[in-house]
Amino acid sequence: VQLQASGGGLVQAGGSLRLSCATSGGTFSSYGMGWFRQAPGKQRVYVASITWSGGSTYYADSVKGRCTISRDNAENTVYLQMNSLKPEDTAVYYCAATRNGMRDAGRYEYWGQGTEVTVSS
C-alpha cells in the first residue's frame, strides 16, 4: 500500500488547512487510517484516526474540536481538516494505514512521506 500525503503549507494562526492522503496498491476500505505529526526535535505523535468504514473517529486532545478526519473509500483518500490552527500545530504530518490499531503508531503498517504544516503567529 502506497500513501501520498499533500495539502500542507504555510498558514497564519487561526487559519485552516485540509490535508489529503491518497492511497494505492491495496484495498483502502480494509484499513483504518490515521494522522500523526512530528514537530522539529520531537517525537511523532498521534493526531487522529478513523475506522475502515468511517463510522468511528478518534482525536488527540490537542486537536479535538479543531480537526476533523474523514475518508472517501470510493476515492481511496483520507482527509484531515484543520481549523483554528496554532503555532504549536507546526509539524510534518504523516498519514498511515492500519488493520488493528487506532492510536498506537506501532500498529500502523504503512506510512506516507509526510506533508509539512507551518503555522505562523
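N76 is placed in the loop between β7 (67–72) and β8. In this predicted model, the backbone of N76 adopts a positive phi of about 55°, although the residue is not a glycine. Most residues other than glycine have a negative phi. With a relative accessible area of 28%, N76 is partly exposed. A second residue with a positive phi is S84, which is not a glycine either and has a value near 50°. S84 belongs to the loop between β8 and β9, and its relative accessible area of 41% makes S84 partly exposed.

N76 also appears among the contacts of T23, a residue of strand β3 (residues 17–24). When neighbours within four places in sequence are left aside, T23 is in contact with Q2, L3, F28, M33 and N76. The relative accessible area of T23 is 12%; because this value is under the 20% cut-off, T23 is classed as buried.

T23 further contributes to the lining of an internal cavity. Rolling a probe the size of a water molecule over the atoms shows where empty space is left. The structure holds one cavity of 30 Å³ or more, and the volume of the largest cavity is about 40 Å³. The lining of the largest cavity is formed by V1, T23, G26, T27, F28, Y31, M33 and A97. Two of the residues in contact with T23, namely F28 and M33, thus recur in this lining. Classified by residue type, the lining comprises five nonpolar and three polar residues, with no charged residue.

The strand pairing around β9 was examined next. Seven of the eight residues of β9 are buried, so this strand is largely enclosed by the rest of the structure. β9 pairs with β4 in the antiparallel sense over seven bridges. Within this pairing, G32 stands opposite T98 of β9. Strand β10 (residues 108–111) also runs antiparallel to β9, to which three bridges join it. T98 takes part here as well, with Y108 as its bridge partner in β10. T98 is therefore matched with G32 and, in β10, with Y108, as the pairing defined by DSSP bridges shows. Strand β11 (residues 115–120) is likewise antiparallel to β9, again through three bridges. In β11, E116 is the bridge partner of V92. In a regular strand the side chains alternate between the two faces of the sheet.

Strand β11 also contains V117, a buried residue with a relative accessible area of 0%. Beyond its neighbours within four places in sequence, V117 is in contact with G8, G9, L17, L19, M82, D89, T90, A91 and Y93. V117 and V11 are separated by 106 residues in sequence, whereas their C-alpha atoms are 7.8 Å apart in space.

D89, one of the residues in contact with V117, also takes part in a salt bridge with R37. A search of the whole structure finds five salt bridges. In the pair formed by R37 and D89, the closest N and O atoms are 2.9 Å apart. This pair links distant parts of the chain: R37 is located in strand β4 (residues 32–38) and D89 in the loop between β8 (77–82) and β9 (91–98), a separation of 52 residues. Both partners are buried, R37 at 11% relative accessibility and D89 with a relative accessible area of 1%. The two residues are linked with R66 in a network of salt bridges.

Other salt bridges involve residues with greater exposure classes, as the following pairs illustrate. The side chains of K64 and D61 meet at an N to O distance of 3.2 Å, and D61 is exposed, with a relative accessible area of 67%. R107 forms a salt bridge with D104, with 3.9 Å between the closest N and O atoms. Both residues of this pair are partly exposed, R107 at 41% relative accessibility and D104 with a relative accessible area of 42%.

Key
Residues numbered from 1 in each chain as written. Predicted model: local features only at pLDDT ≥ 70, side-chain atom pairs only at ≥ 80, totals over all residues. Heavy atoms only, no water. Helix = DSSP H or I, 4+ residues; strand = E, 2+ residues; numbered from the N terminus. Buried < 20%, exposed > 50% of the residue type's maximum accessible area, 1.4 Å probe, protein only. Contact = heavy atoms within 4.5 Å. Salt bridge = Lys/Arg side-chain N within 4 Å of Asp/Glu carboxyl O. Pairing = 2+ DSSP bridges. 1 Å grid on protein atoms, 1.4 Å probe; cavity = no way out; pocket = protein on both sides within 12 Å on 5 of 7 lines; lining within 4 Å. Points joined across faces, edges and corners; volume = space filled by probe spheres on them. Nonpolar A, V, L, I, M, F, W, Y, C, P; charged D, E, K, R; others polar.
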